[in-house]
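Let's take a walk through a protein model together. Keep the picture open while you read, and look up each residue as we get to it.

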Amino acid sequence: MIEKNLFRKLIILALVALLGVLWGAGPARANTHFLAVPLDLSLEVHELTDSAWILSEMISIQRIHHSQDMLKLRSTDLPHELLGFVYLSVDSGEPQQVGSAWVDVLRNKETSAEIRILLKPEIVLIPPGDYRFTLEDPGNRMAHISVNIKIKDFARILLIDPGVVSIEAAHGPDRYFADSQVFLEVLSNHSKWRVLLSTEGLCLANDEKIKVEPQDLLIAVNDPKQGYRPFTEGIVLNAADFPGRTAAIYLGADTGWNHIAGSYSGVITVTLAQP
């Protein structure tokens, strides 16, 4: 990282020297007061991180004009989906939200600064796609900095509660139901994912050799009044089964004479599949 920053600074110094030689060659150059390297940034977001920020590479800015005026940057074309997610940090200072408000980059007589784009990790939850915007100076005294943020497909199982399912088969052969439903929560930015449910069955509390096999289990999703179906049908849920990101799973079991009365428990395996 140190070598990369040193290389960038050497490039800036070389460009500053070149512009010094060419200064005054035309009106466009005469209006260039600041130099930024690089001018094109790309960030890719594909997961929800535990970090406070998603960081871009550093942008080095150099004053190349004898004037002592300030440099401020803002974005007038920031996509509305990015509002509240994109920030700018100057010389590792306090992040400032990017938008129509100006962000001070260079004060009077300051010659250089380093800025960085910071993204809130929750940006991964906006719809997937490419989002482009520019950072610009009010007087067009510096070339615009172009930023492209690519949001990839994202989905994650956030909650399985409870992790163990229990059914109390208190009497003889009958249909029994779990004491409580299992809540599943999926966090995603698209709807192309699927959730696959499977189990190896429920075991008797004091004898794991006695089981309620998967073919004896029943399941209902969100509304048990709509009826239960055999677990062995192959349970596949999609985004429509998760209103408000959460699905409720209701379990039942058909026991026979081969099942001993008692408490049966087991685990429902939840697998997230994405295209």
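Is arginine 141 buried or exposed? Its relative accessibility is 10%, and because buried means under 20%, arginine 141 counts as buried. Before we go on, keep in mind that what you're looking at is a predicted model.

So what does a charged residue do in there? Side chains of opposite charge can pair when their charged atoms come close. Arginine 141 has a salt bridge with aspartate 69, and the closest N and O atoms of that pair are 2.4 Å apart. Now trace the chain between the two: aspartate 69 is in the loop between β4 (59-63) and β5 (71-73), while arginine 141 is in the loop between β10 (129-135) and β11 (145-151). That's 72 residues apart, and the pair links these distant parts of the chain. Unlike its buried partner, aspartate 69 is partly exposed, with a relative accessible area of 23%.

Arginine 141 also forms a salt bridge with aspartate 137, and here the closest N and O atoms are 2.7 Å apart. Aspartate 137 is buried, since its relative accessible area is just 2%. Salt bridges with shared partners join Arg63, Asp69, Asp137 and Arg141 into one network.

How many salt bridges does a search of the whole structure find? The count is eight. One to look up is the pair of aspartate 104 and lysine 72, whose side chains meet at 3.9 Å, N to O. This pair, too, links distant parts of the chain: aspartate 104 sits in strand β8 (residues 103-106) and lysine 72 in strand β5, 32 residues apart. As for cover, aspartate 104 is partly exposed at 29% relative accessible area, and lysine 72 counts as partly exposed at 30%.

Next, let's look at a sheet. Find β2, β11 and β10: in that order they make an open sheet of three strands, with mixed pairing. Why is one side of β2 and of β10 left without a neighbour in the sheet? Both β2 (40-45) and β10 stand at the edges and have a single partner strand each, so one side of each has no neighbour there. On average, neighbouring strands of this sheet are turned by 15 degrees against each other, direction ignored.

What does "mixed" look like here? β2 and β11 pair in the parallel sense, over six bridges. β10 and β11, on the other hand, pair in the antiparallel sense, over seven bridges. You can check this residue by residue. Aspartate 40 has serine 146 in β11 as its bridge partner, glutamate 44 stands opposite lysine 150, and valine 45 stands opposite isoleucine 151. For the antiparallel pairing, look at phenylalanine 133, whose bridge partner in β11 is valine 147.

Now turn β2 around and compare its two faces. The covered face has Leu41, Leu43 and Val45, and the uncovered face has Asp40, Ser42 and Glu44. β11 is mostly covered, with five of its seven residues buried.

Charges and strands aside, rings can meet as well. There are three aromatic pairs in the whole structure. One of them, tryptophan 193 with phenylalanine 242, is edge-to-face: the rings are 5.2 Å apart centre to centre, with 75 degrees between the planes. Tryptophan 193 lies in the loop between β15 (182-188) and β16 (194-199), and phenylalanine 242 in the loop between β21 (235-238) and β22 (246-254), so the pair ties together parts that are 49 residues apart in sequence. Tryptophan 193 is buried, with a relative accessible area of 3%, and phenylalanine 242 counts as buried at 6%.

Let's finish on the outside. Which residues make a nonpolar surface patch of about 230 Å²? They are Leu158, Leu159 and Phe183. Leucine 159 belongs to strand β12 (residues 155-161). Its relative accessibility is 33%, so leucine 159 counts as partly exposed.

Key
Residues are numbered from 1 along each chain as its sequence is written. This is a predicted model: local features need pLDDT of at least 70, side-chain atom pairs count only at pLDDT 80 or more; totals for chains, interfaces and linings use all residues. Side-chain values use heavy atoms; hydrogens and water are left out. Patches are made of residues with over 30% relative accessible area and no salt bridge: like charges are joined within 9 Å, nonpolar side chains (Val, Leu, Ile, Met, Phe, Trp, Tyr) within 5 Å. Accessible areas come from the Shrake-Rupley method with a 1.4 Å probe; for residues, only the protein chains shown count as cover. A salt bridge is a side-chain nitrogen of Lys or Arg within 4 Å of a carboxyl oxygen of Asp or Glu. Helices (H or I, at least four residues) and strands (E, at least two) are DSSP runs, numbered from the N terminus. Buried means under 20% relative accessible area, exposed over 50%, partly exposed in between (1.4 Å probe, protein chains only). Rings of Phe, Tyr and Trp (its six-membered ring) pair if their centres lie within 6.5 Å; planes under 30 degrees apart count as stacked, over 60 as edge-to-face and the rest as tilted. Two strands pair if DSSP finds at least two bridges between them. Axes are lines fitted to C-alpha atoms, for helices over the stretch in contact, and angles run from 0 to 180 degrees between N-to-C directions.
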